[in-house]
Amino acid sequence: YIYCDEIDLCADTVLATLYAAKKYIVPHLARACVNFLETSLSARNACVLLSQSCLFEEPDLTQRCWEVIDAQAELALRSEGFCDIDAQTLESILRRETLNAKEMVVFEAALSWAEAECHRQELQPTIENKRLVLGKNIYLIRIPAMALDDFANGVAQSGVLTLNETNDIFLWYTAAKKPELKFVCKPRKGLTPQRCHRFQSCAYRSNQWRYRGRCDSIQFAVDKRVFIAGFGLYGSSCGSAEYQAKIELKRQGVTLGLAIIKYFSDGSSNTFPVFFEYPVQIEPDTFYTASVVLDGNELSYFGQEGMTEVQCGKVTFQFQCSSDSTNGTGVQGGQIPELIFYA
C-alpha cells in the first residue's frame, strides 16, 4: 500500500494489517481495515473482534461488535471464537446488561472459555482449575436469575459451585428469608424489540383472507444493519383460532432463518408475534424475502394501505412485492404486517 497505493485485504491478514497500519501511522489503510472488519462482522467473529477493537482503540468497531453480540448473544457465546477472547473481554461480556441470552447459555459459554484458558495456561481442565481461571468472573453469571430447573439439572450438578454456594442459591429460590449472595441476582434486561408496521389499516371480509398452504411473502431492505427476530402476523376475524406458521427469511434464494410455530389468535385485529430461534442479521442495501405459510381454516384479518417506505427510529425499511407470494400478499395489502427487529 505504501508504494503502490493499493489495498488488498482478506480475512486472514486484515488484523495483522490493521496492527501494522496503527504502528506505522497509516490512517487511511487503518480505516480501510476497520471498514473491512465491520462489513464481515457476524455472531461467529464478533467476540474476537470486540477484544481486538479494544486493543486497537477503535470505538466505532467496538460499538458494532456490541450490537451483534447483544442481538445474537446465544450464537456469539456458542461460537468457537468466544473461547479465544482474553479474560478482560470475557468480564465485559459477562457484565453486559443487554445480552439477549438465557443465563444457562452464558454459564455454558463461560465453562467452555475456562476449559480453553486452562489449556492456554497449561493446566489440566479439571472443575477446580476451571473455577480457578474464571476467578471473580463466576459471580457475574446471573445464576440466581436462571429457571430453577436449569439450575437444579445443570449448574448445581456441574461441580463448579461450592456446596455452600449451591445451598444458598437453592434457598434463594425457595426460602422466604433469602440469603445474601455474591452473584448478580437480577435478570439481564436484554434488548427491547422494535416493530416495523407496514400497513396503515387492516380489515376483514366474508370471503377472504384464507390460507390452505399458500405462501404470503414480501421483500424488504434496510439502510442500516438490523437483526430480524420474527414477524407480527394477523389472526382470525371469526373468533379465536389456532394457526401453524412456517416462517422463513431468505436472501437471494438462500434460507437464513426458518421456524415452524403455533400461535393463538383471539379474534381481534391485533398482530401476534412469531419468532425465529435466533435473530437473523440483515445487511443494509440488500433485499431480503420474508415469507409465511399459514395452516388454519378461519378467515383472517389482512392489511391495507401498505407503504413502500417506513421509518422506524433510525432505520428506514423499503418494501417491494415478492415473486414467492402465491396468496395475494404484496406491498399494498395482505399478511406479514410487522417485522420485529433489534437495531
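Visitor: How much surface does the chain expose, and what share do carbon and sulfur atoms supply?
Guide: In this predicted model, the exposed surface of the chain comes to about 17,300 Å². The share of that area supplied by carbon and sulfur atoms is 49%.

Visitor: What percentage of the residues of the chain count as buried?
Guide: A residue counts as buried when its relative accessible area is under 20%. Of the 343 residues in the chain, the part that meets this criterion is 50%.

Visitor: How far apart are the end C-alpha atoms of helix α4, and what span should its residues give?
Guide: Helix α4 covers residues 59-71, which is 13 residues. At 1.5 Å a residue, the expected span is 18 Å. The distance between the end C-alpha atoms agrees with this, at 18 Å.

Visitor: Is Ser300 buried or exposed?
Guide: Ser300 lies in the loop between β8 (288-295) and β9 (302-306). Its relative accessible area is 0%. Because the limit for burial is under 20%, Ser300 is buried.

Visitor: With which side chain does the side chain of Ser300 make a polar contact?
Guide: Ser300 touches several residues beyond four places away in sequence, including Tyr204, Trp209, Tyr211 and Gly235. With Gly235, the side chain of Ser300 reaches the backbone oxygen at 3.3 Å. The side-chain partner, at 3.0 Å, is Tyr211.

Visitor: What is the helix content of residues 47-156?
Guide: An unreviewed UniProt entry annotates residues 47-156 as "domain: BACK". The end C-alpha atoms of this span lie 27 Å apart. Its strand content is 0%, and its helix content is 61%.

How values were computed:
Residues are numbered from 1 along each chain as its sequence is written. This is a predicted model: local features need pLDDT of at least 70, side-chain atom pairs count only at pLDDT 80 or more; totals for chains, interfaces and linings use all residues. Side-chain values use heavy atoms; hydrogens and water are left out. Helices (H or I, at least four residues) and strands (E, at least two) are DSSP runs, numbered from the N terminus. The expected span of a helix is 1.5 Å times one less than its number of residues. Buried means under 20% relative accessible area, exposed over 50%, partly exposed in between (1.4 Å probe, protein chains only). A polar contact is a pair of N or O atoms within 3.5 Å; within protein, one must be able to donate a hydrogen and the other to accept it, and residues adjacent in sequence count only if both atoms are side-chain atoms. Contact means heavy atoms within 4.5 Å. UniProt positions are given in the numbering used here, feature names are shortened, and annotations may be inferred rather than shown by experiment. Accessible areas come from the Shrake-Rupley method with a 1.4 Å probe; for residues, only the protein chains shown count as cover.
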